[in-house]
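Here are a few exercises to work through with the model open beside you. Try each one before reading its solution.

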Amino acid sequence: MTNFSDDKWQQIKVLAARLQAIKTMLEVFNEPIENRPFAHEFNPIKEQLEADFEQTLSALLELIEDEDG
């Protein structure tokens, strides 16, 4: 993995930072939501964040596994 180009390392860093940010946001959604009448409105946002996390993780893994670049 140390033979990645500078551009590839930069992409890896960006994707890793994005994963960390999404993970942090998802942790907020996993905390108990009590006495909030609008809590059900958070579900689509949480689902989108989960999908974004999976897409970003897939992109990162693909980038790491791609040894042609």
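**Exercise 1: Thr56 and its surroundings**

Thr56 has its place in helix 2; helices here are DSSP runs of H or I with at least four residues, numbered from the N terminus. Before going on, a word on the ground rules: this is a predicted model, where local features need pLDDT of at least 70, side-chain atom pairs count only at pLDDT 80 or more, and totals for chains, interfaces and linings use all residues. Residues are numbered from 1 along each chain as its sequence is written, and side-chain values use heavy atoms, with hydrogens and water left out.

Task: work out whether Thr56 is buried or exposed, and which residues it touches.

Solution.
- Step 1: Check accessibility. Thr56 comes out at a relative accessible area of 5%, so it is buried (buried means under 20%, exposed over 50%, partly exposed in between, using a 1.4 Å probe and protein chains only).
- Step 2: Look for a polar partner. The Thr56 side chain gets to 2.8 Å from the backbone oxygen of Asp52 (a polar contact is a pair of N or O atoms within 3.5 Å; within protein, one must be able to donate a hydrogen and the other to accept it, and residues adjacent in sequence count only if both atoms are side-chain atoms).
- Step 3: List the neighbours. Leaving aside residues up to four places away in sequence, Thr56 touches Leu15, Arg18, Leu19 and Ile22 (contact means heavy atoms within 4.5 Å).

**Exercise 2: Salt bridges**

Task: find how many salt bridges the whole structure has, using a side-chain nitrogen of Lys or Arg within 4 Å of a carboxyl oxygen of Asp or Glu as the test.

Solution.
- Step 1: Run the search. It turns up 2 salt bridges.
- Step 2: Take Asp52 and Arg18, whose closest N and O atoms are 3.9 Å apart. This pair links distant parts of the chain, with Asp52 in helix 2 (residues 43-65) and Arg18 in helix 1, 34 residues apart. Asp52 is buried at 16% relative accessibility, while Arg18 is partly exposed at 41%.
- Step 3: Now take Lys23 and Glu27, with closest N and O atoms 3.3 Å apart. They sit 4 residues apart in helix 1, so about one helical turn separates them. Lys23 is partly exposed at 39%, and Glu27 is partly exposed at 42%.

**Exercise 3: The buried side of helix 1**

Task: say which residues of helix 1 are buried, and what they pack against.

Solution.
- Step 1: Size up the helix. Helix 1 has 24 residues and spans 35 Å from first C-alpha to last, close to the 34 Å expected at 1.5 Å a residue (the expected span is 1.5 Å times one less than the number of residues).
- Step 2: Pick out the buried residues: Lys8, Ile12, Leu15, Leu19, Ile22, Leu26 and Phe29. They pack against helix 2.
- Step 3: Zoom in on the lysine. Lys8 is buried at 4% relative accessible area, and a polar atom of its side chain lies 3.2 Å from the backbone oxygen of Leu63.

Key
Helix = DSSP H or I, 4+ residues; strand = E, 2+ residues; numbered from the N terminus.
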